[in-house]
Amino acid sequence: MSRGGRGGESAARSTALGRAERAAERVAKLVESVPPGSRLGTKEELRTLCDVSVGTFNEALRLLQSRGLVTVKPGPGGGLFSAEQSPMARLGNAVLALDAQQNDVANAVRIRDALDPLLIEDALWHASPADIAGLREHISAMEWAVSDADPVGFVHANWRLHAAIAAISPNALLSSLYTSLLDLIEEHTLSVLPASDQPLAEYIAQRQELHRALVDALDRRDRDEALRLIHEHNTSTAEPH
C-alpha cells in the first residue's frame with residue numbers, strides 16, 4: 001500500500017511538471033512573437049492564459065527564467081517581460097547578442113581563448129591527413145555561410161571547426177573542457193549583430209580567410225604561422241569565436 005502511495009505521488013508530480021512545461025512552452029511562443037524587452041503581462045494574466053494553478057505557473061516561470069527567456073519586474077507597470085538581448089562579446093565588427101547568462105558566457109570566452117594555443121600545439125603534432133580533411137569540410141561550411149551572407153550560420157560553422165580541432169588533441173580533459181565551453185557559448189547566443197559601419201558579410205569573409213589560413217598552416221605543420229594566426233584570431237579583434 002505504501003509503495004502504491006509513493007507511485008501515485010510520483011505520477012501526480014510527473015503530471016504537474018508536464019503541465020508546467022506546457023505552460024512554459026505557451027509563454028515561450030508568446031516571447032518569440034514580440035521584440036526583446038516587451039511586456040508580456042502580469043503573472044496572474046499569464047497564469048490565466050495558460051489555465052494552470054498558481055503553483056504550476058510558478059514552476060513554469062522558473063523554467064522560463066532558467067532558459068533566459070523572461071524577466072520579472074516588480075511594482076506598478078511590472079510583470080513578465082521578454083528577456084533583453086544583451087550585446088556582449090565583440091566579434092571585431094560584430095557582437096554576439098546573448099541571453100541572461102552573459103556573465104557566464106564572458107568567462108567561458110576568456111577561458112576558451114586561453115586554451116586555443118594549447119589545442120593548436122596538439123593539432124600540429126597529432127593531426128592526421130583525415131583530420132585535416134575534416135577541418136577543410138568545416139571551412140567549406142563557413143564559405144557557404146559567407147556566400148549566403150549568413151553571419152549566424154558562419155559563427156556556428158566556426159565553432160564546429162574549433163570543436164573539430166579540439167577533438168584532435170590526445171588530452172581528453174583539455175578537449176572535453178574546451179568543447180563544454182563552446183557548448184555554453186553557443187547555447188546562450190541569440191544572434192549576431194553589426195557593430196560598425198563595415199558590412200557584416202564583409203567582416204565574416206575576412207574571418208573565414210583567417211581560419212582557412214590557420215588550417216593550411218596546420219596542414220604544413222607550420223608552427224610559427226599557426227600560433228601567429230591563433231593569436232591574431234583571439235586578440236586583434238577581441239572576438240570569441
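So, which exposed residues does the face of H7 turned away from its buried side carry? They're Ala172, Leu173 and Glu187. Keep in mind that what we're looking at is a predicted model.

Let's stay with H7 for a minute. This helix runs over residues 172-187, and its 16 residues, at 1.5 Å each, should span 22 Å. The C-alpha atoms at its ends are 22 Å apart, so the expected span and the model agree.

Now the buried residues of H7: those are Leu174, Ser175, Tyr178, Leu181, Leu182 and Ile185. They cover an arc of only 130° around the axis, so they sit on the same side of H7.

Have a look at the start of H7 too. There, Asn171 has a side-chain oxygen within 3.2 Å of the backbone nitrogen of Leu173.

Okay, who packs against H7? Helix H6, residues 151-168, packs with H7 at an angle of about 170°, and the two axes are 9 Å apart. Because of that angle, H6 counts as roughly antiparallel to H7. On the H6 side you've got His156, Trp159, His162, Ala163, Ala166 and Ala167, and they meet Ser175, Tyr178, Thr179, Leu182, Ile185 and Glu186 in H7.

One more pair, and then I'm done. Helix H5, residues 129-147, packs with helix H8, residues 200-220, at about 170°, with their axes 10 Å apart. So H5 is roughly antiparallel to H8. Among the residues making that contact are Ile132, Leu135 and Arg136 from H5, and Gln208, His211 and Arg212 from H8.

Definitions and conventions:
Residues numbered from 1 in each chain as written. Predicted model: local features only at pLDDT ≥ 70, side-chain atom pairs only at ≥ 80, totals over all residues. Heavy atoms only, no water. Helix = DSSP H or I, 4+ residues; strand = E, 2+ residues; numbered from the N terminus. Expected span 1.5 Å × (residues − 1). Buried < 20%, exposed > 50% of the residue type's maximum accessible area, 1.4 Å probe, protein only. Arc of directions from axis to C-beta. Polar contact = N/O pair within 3.5 Å; in protein donor to acceptor, adjacent residues only side chain to side chain. Axes fitted to C-alpha atoms, helices over the stretch in contact; angles between N-to-C directions. Parallel < 35°, antiparallel > 145°, perpendicular 65-115°, else oblique. Contact = heavy atoms within 4.5 Å.
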